[in-house]
Amino acid sequence: MTDTAPITPDVTTIPRKLPEGPVNLVGLTRAALRQVLIEHGTSEKQAKMRVGQIWQWIYQWGVRDFSQMTNLAKDYRAMLADNFVIAVPEVVNKQVSRDGTRKYLVRINGGHEVEVVYIPETDRGTLCISSQVGCTLTCSFCHTGTQRLVRNLSAGEIIGQVMLARDDLCEWPEPGRRSYDARLISNIVLMGMGEPLYNFENVRDAMNIAMDGDGISLSRRRITLSTSGVVPEIARAADEIGCLLAVSFHATTDEVRDRLVPINRKWNIETLLATLREYPRLSNSERITFEYVMLKDVNDSDADARRLVQLIKGIPAKINLIPFNEWPGAPHQRSDPERIEAFAEIIYRAGYASPVRRPRGEDIMAACGQLKSATERARKSKRQIEAETKAAT
Ligand code: SAH
Ligand code: SF4
């Protein structure tokens, strides 16, 4: 099946001097950073200390200019400036919703674009980041799924999204100070564009940078990775990332899930659940979030709710009900509020938390599943306009 075939990343985290310019230090693991410093004349003995210092400037204080790294000798700073850069993706457009949600349109190498969304709430601030440009999968309700995969993001482009949001929110402490107590970005969710487990190594390296205590320093319990169900990579995520897991479940029979989430044809509900049962123990996390998009007359009956609680029996879980967010040309409708309430009630009575996710940033198309590169959107609407014109003549 081509739509679920794993794709080969065309960007690697292995540091190499690219013909087109200096090496970007953002996104390198500590080991990789050490290696490039040694390759550029840093002694093995000094390398560990230099890694620690540079790491702190980049990830704790958000410095982009080597000349500001005042605890390094002047000629060492000059060597860094000659060979390396500290670069994050460029924000080409920022929109702020009536509800305070911010959406950044971000340009990465090659001129591709991804979207990053910041959602402020009273008790937290969540940054929703992307892992791929487009997606190889074609979930029927998802706008991103209508955009073919362009490429995987590098680790630098993934952690760079956190850094550029911190820039915009002015959330870098003064050099010499530790992090702020009350963080604006307190949580990260890998729920933007793309399937994070099809870009495993880069997502892992980026999240390990986010969790590193000498930098951005987010607890692994404040990072949630959402997958459509890439079964072979789930145990690996527990082992190598250890963050919280959310799974895009969305249906209670294989027949319906095959249609909504086509990866189900490769790894069906039973296979997926068997793997999920192991995740909390392997990752030492409390519970798994089951995401369930509410689609009118498709997956929202009382029988679906009852089947859902039967299926997940024994898995520590919370069920996040997501009212379907519409996008132009979508083949579904959102379930009625009373239907969503009745569905939530059945789940709640069975002993599971069943919060209904309040759509955020809808006025700027920033809600779940509405993300798609703006240029792609423009192309599509032009095509649509042409088709409409043709139909009308
Ligand atoms: N590819 C990953 C993560 C990105 S999608 C995954 O599929 O899990 C993040 C969440 O938004 C998923 O649960 C996805 O199913 C949901 N989603 C996608 N399109 C949506 C839409 N139009 N309305 C509501 N939720 C949607
Ligand atoms: Fe890809 Fe997730 Fe959208 Fe499915 S829901 S098409 S896996 S981004």
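A residue is taken to be near a molecule if one of its heavy atoms lies within 4 Å of it, and with that in mind the tour can begin at the ligands of this predicted model.

Select ligand 1 and display what surrounds it: there are 21 residues around this ligand, of which Phe141, Gly194, Ser226, Ser248 and His250 come nearest. Stay with His250 for a moment, since a polar atom of its side chain lies 2.6 Å from an oxygen atom of ligand 1. Next pick Glu291, where an N or O atom in the side chain is 3.1 Å from an oxygen atom of ligand 1. Then turn to Asn325, whose contribution comes from the backbone, with an N or O atom placed 2.9 Å from a nitrogen atom of ligand 1.

Now move to ligand 2, and select Cys135, Leu137, Cys139, Cys142, Gly145, Gly194 and Ser228, which are the residues around it. Sorted by class, this shell has 4 nonpolar and 3 polar residues, with no charged residues. Gly194 deserves a second look, as it is listed around ligand 2 and also among the residues that come nearest to ligand 1.

For the last stop, colour helix α5, residues 200–211, and helix α6, residues 231–240, which pack with their axes 11 Å apart at an angle of about 20°. Angles under 35 degrees count as roughly parallel, and α5 and α6 are therefore roughly parallel to each other. The crossing of α5 past α6 is right-handed. To see where they touch, show Phe200, Glu201, Arg204 and Asn208 in α5, which meet Glu233, Arg236, Ala237 and Glu240 in α6; by class, this contact has 5 charged, 2 nonpolar and 1 polar residues.

Terms used:
Residues numbered from 1 in each chain as written. Chains lettered and ligands numbered in written order. Predicted model: local features only at pLDDT ≥ 70, side-chain atom pairs only at ≥ 80, totals over all residues. Heavy atoms only, no water. Axes fitted to C-alpha atoms, helices over the stretch in contact; angles between N-to-C directions. Helix = DSSP H or I, 4+ residues; strand = E, 2+ residues; numbered from the N terminus. Parallel < 35°, antiparallel > 145°, perpendicular 65-115°, else oblique. Left-handed = near helix turned anticlockwise from the far one by under 90°. Contact = heavy atoms within 4.5 Å. Nonpolar A, V, L, I, M, F, W, Y, C, P; charged D, E, K, R; others polar. Polar contact = N/O pair within 3.5 Å; in protein donor to acceptor, adjacent residues only side chain to side chain.
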